[in-house]
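Subject: Structure for you to look at

Hello,

Here is the structure I said I would pass on. Please open it alongside this message.

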Amino acid sequence: MSKTIKNCFYQNLTFQKLLDAHQRASIGKKTKKEIILFEMDLESNLIRIMDDIKNGTYKFGNYREFTVYEPKERVIKSLPYRDRVVHQWYVEEFIKPYFFKRFIPTTFACLDGRGTHKAVEKVQEYMRKMKKKYSTYYILKCDIKKYFYSIDKEILFSILKDRIQDKKILEFSKIILDDGNVIGIPIGNFTSQYFANIYLDKFDHFVKEELRVKKYVRYMDDFILFLRTKEEAKELLEKIKKFLHENLNLQLNSKSKYFPNKLGIDFCGYRIYETHILLRKRFKKKFKKSIRLWKKLKKENRFYRQKCLLSYSSYKGHAKHSNSYSFIKKMDEMIQNQHIFE
């Protein structure tokens with residue numbers, strides 16, 4: 001695999017690759033109106049996308065905005081389905097093959113075969129190794145202040161330019177980055193989660209290769225360093241702040257701090273200790289809130305059983321990665337007592 005992307009834009013712009021992108025983008029959403037309409041004239045829609053990109057006339061549509069409140073309040077921007085197919089194509093053909101191979105093994109967001117549960121497993125593995133070797137140690141846990149909104153598009157484009165020599169891919173990357181007239185990159189775009197991961201790759205290598213931290217884990221903009229002493233944690237925190245500011249124009253969230261291992265770590269939806277993993281209180285509150293919502297929807301005849309079953313399965317799947325047997329049992333009891341799926 002070449003270290004830089006050269007002369008492959010048009011050879012990857014094919015009907016089959018766009019069809020594959022559509023199939024990925026529509027997973028779990030086949031019943032949505034915009035996808036049904038798109039599939040009613042699928043061949044023509046894909047050919048039109050291909051011709052518009054080839055001719056340099058492709059224009060992204062208007063964003064639909066909505067607000068989510070879990071785990072925190074954020075404005076999500078959603079493109080029309082046609083544009084989401086194009087984002088899928090772009091990521092699969094030009095981002096994954098050339099950028100992912102450079103990523104360190106302990107960054108876990110948006111990567112096939114990794115994810116939150118693997119990140120949690122790695123954190124606990126490092127905690128156990130540090131406990132065995134040092135008994136007591138320090139944890140430096142940080143996250144970036146308003147990360148997606150703080151990403152500097154010019155810096156991001158320069159990072160892409162270092163790896164991409166194909167002028168047509170660079171031109172199209174610029175169109176994607178400039179789309180939406182927003183500060184930073186839009187939360188909700190399929191490309192954004194990959195751009196966000198690429199943006200901090202330079203920082204990952206700084207931590208591993210210059211700071212020489214052996215035990216380091218990142219999930220998107222949340223990252224953890226396992227260190228021998230409080231003094232080392234304090235020193236590295238200042239170096240990290242300096243690097244992020246000078247190289248990526250980023251600031252740490254005020255919640256970034258170092259603390260002794262006995263306190264455990266709040267990470268990826270769990271409270272992690274050397275000996276066990278617990279669910280966060282927020283998860284339990286959210287589940288109980290969902291139970292009340294499902295009960296209300298059922299009373300109003302707006303209850304979609306299959307959708308709620310999938311949501312419940314997701315809750316249980318998350319809980320089963322923790323040492324929470326009692327609460328998992330309680331989840332089943334709440335469902336039964338409220339007659340949710342009867």
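Below are notes on two sheets, a helix pair and a pocket.

Please keep in mind that this is a predicted model.

The four-stranded sheet

Four strands make up an open, antiparallel sheet, in the order S4-S5-S3-S6. The edges are taken by S4 (216-219) and S6 (257-260); each has a single partner strand, so one side of each has no neighbour in the sheet. From one strand to the next, the twist averages 20°. Inside the sheet, S3 (residues 138-143) and S5 (residues 222-227) run antiparallel and are joined by six bridges. One residue pair to look for is Asp143 with Asp222, its bridge partner in S5. Helix H10 (residues 201-210) lies across S4 and S5, at about 170° to S4.

The three-stranded sheet

A further open sheet has three strands, ordered S7-S8-S9, again with antiparallel pairing. Here S7 (265-267) and S9 (277-279) are the edge strands, and because each has a single partner strand, one side of each is left without a neighbour in the sheet. The twist in this sheet averages 30° from one strand to the next. Strand S8 (residues 270-272) runs antiparallel to S9, and three bridges join the two. Tyr270 has Leu279 as its bridge partner in S9.

Helices H4 and H7

The axes of H4 and H7 (residues 153-163) come within 11 Å and cross at roughly 70°. The two helices are therefore roughly perpendicular. On the H4 side the contact is made by Tyr90, Ile95, Tyr98 and Phe99, and on the H7 side by Ile159, Leu160 and Arg163. By type, the residues of this contact are six nonpolar, no polar and one charged.

The second largest pocket

How much space lies in the second largest pocket? The value is about 490 Å³. It is lined by 21 residues, of which Lys29, Ser78, Leu79, Arg84 and Gly188 are the closest to its centre. Several elements supply at least two lining residues each: helix H1 (15-25), strand S1 (64-68), strand S2 (74-78) and helix H4 (81-99). H4 thus appears in this lining as well as in the contact with H7. The lining of the pocket is mixed in type, with eight nonpolar, six polar and seven charged residues.

Regards

Conventions. Residues are numbered from 1 along each chain as its sequence is written. This is a predicted model: local features need pLDDT of at least 70, side-chain atom pairs count only at pLDDT 80 or more; totals for chains, interfaces and linings use all residues. Side-chain values use heavy atoms; hydrogens and water are left out. Two strands pair if DSSP finds at least two bridges between them. Axes are lines fitted to C-alpha atoms, for helices over the stretch in contact, and angles run from 0 to 180 degrees between N-to-C directions. Contact means heavy atoms within 4.5 Å. On a 1 Å grid over the protein atoms alone, a cavity is a set of points where a 1.4 Å probe fits but cannot get out, and a pocket is an open set with protein on both sides within 12 Å along at least five of seven lines; lining residues have an atom within 4 Å of a point. Grid points are joined across faces, edges and corners, and a volume is the space filled by probe spheres set on the points. Ala, Val, Leu, Ile, Met, Phe, Trp, Tyr, Cys and Pro count as nonpolar, Asp, Glu, Lys and Arg as charged, and the others, Gly among them, as polar. Angles under 35 degrees count as roughly parallel, over 145 as roughly antiparallel, 65 to 115 as roughly perpendicular and the rest as oblique.
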